[in-house]
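Subject: Structure for your review

Dear colleague,

Please find below the structure that I am handing over to you. I should be grateful if you would read the notes after it alongside the coordinates.

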Amino acid sequence: MKEEFNLPQAHLIYDPDFLEPDFAKNLFLELYTQTSWIQEPIKIFGKEMMQPRLTHLFGERSYSYSNIKMNPAPFPKSLHQLKNKLENSTKSTFNVCLANLYRDGQDSMGWHSDDEKELGENPVIASISLGAERMFHLQHKTKKELKQKFVLAPGSLLMMTGETQHFWKHQLPKTKKKVAPRINLTFRQIID
Ligand SMILES: O=C(O)CCC(=O)C(=O)O
Ligand SMILES: [Fe+2]
């Protein structure tokens, strides 16, 4: 069942059953084993550290965020298929897919908004989850008491659209639980 979260100044749609379970499992295995995952350095409060996850960029454009410029590899057949399915069901177009691999509960992504200039004014972010379940947190940037937490299940699609990135930030927190690897795919449209 699709769920719409009723949050002010956000537009979020969560579909837990977007992908067939077998397709999701196979795609996880393919990407897990056949992607040249890399760990990028990031600067946090002026200190150079490694990102607590592995990443890879697929698509037609390079993409820059947090002082990292990622150069893409072409979409493999499976991701091309998934991109077509997403474009048909969301009526949007996407030219890159940022893949994140969270190896265990210590891998994470800190609070941020996907608000890079090259994503345009109100980006459509289509986020697919594969592998282990993880929690996802959202918080309003100024009304900090406004928060939302939910599980991202394997095979699910989370759409973040409209003005969401202006007013909200999100994170994929670490967990002390013993969790298997998770892959997240965020499809985005880079505008020249
Ligand atoms: O792993 C996730 O679900 C979140 C990824 C994310 O926020 C991003 O890539 O910008
Ligand atoms: Fe994000």
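The notes below take the overall fold, then the ligand shell, and then three individual residues.

Please bear in mind throughout that this is a predicted model.

Overall fold

The protein contains three helices and 15 strands. Its C-alpha atoms occupy a box of roughly 40 × 40 × 40 Å along the principal axes. For a compact globule of 192 residues one would expect a radius of gyration near 16 Å, and the protein agrees with this because its own value is 16 Å. Of the 192 residues, 30% count as buried. Among contacts with a separation of 6 or more, 74% join residues that are 24 or more positions apart.

The UniProt record, an unreviewed entry, lists residues 93–191 as "domain: Fe2OG dioxygenase". Over that range the chain is 48% strand and 4% helix, and the C-alpha atoms at its two ends are 11 Å apart.

Ligand shell

The residues surrounding ligand 1 are L98, N100, M109, D114, S127, F136, L152, H170, L172, N184 and T186. By class, five of the shell residues are nonpolar, five are polar and one is charged. Three strands, β8 (96–102), β14 (168–172) and β15 (182–188), each contribute at least two residues to this shell.

R53

R53 sits in the loop between β4 (47–50) and β5 (54–59). Apart from neighbours within four places in sequence, R53 is in contact with N100, L101, Y102, D107, S108 and M109. Two of these contacts, N100 and M109, also belong to the residues around ligand 1. R53 counts as partly exposed, because it has 19 C-beta neighbours inside 10 Å, and the buried class begins at 20. Between R53 and L19 there are 34 positions in sequence and 24 Å in space, C-alpha to C-alpha.

Backbone points to check

Two residues that are not glycine have a positive phi, and you may wish to look at them. Q9 has a phi of about 60° and is found in the loop between β1 (3–5) and β2 (11–15). Q9 is partly exposed, since 15 other C-beta atoms lie within 10 Å. K91 likewise has a positive phi of about 60°, and K91 lies in the loop between α2 (77–90) and β8. K91 is exposed, because it has 8 other C-beta atoms within 10 Å.

With kind regards

Technical notes: Residues numbered from 1 in each chain as written. Chains lettered and ligands numbered in written order. Predicted model: local features only at pLDDT ≥ 70, side-chain atom pairs only at ≥ 80, totals over all residues. Near = placed C-beta within 6 Å. Nonpolar A, V, L, I, M, F, W, Y, C, P; charged D, E, K, R; others polar. Buried ≥ 20, exposed ≤ 12 C-beta atoms within 10 Å, placed from the backbone. UniProt positions renumbered as here; feature names shortened; annotations may be inferred. Contact = placed C-beta atoms within 7 Å. Rg over C-alpha atoms; globule rule 2.2 N^0.38 Å.
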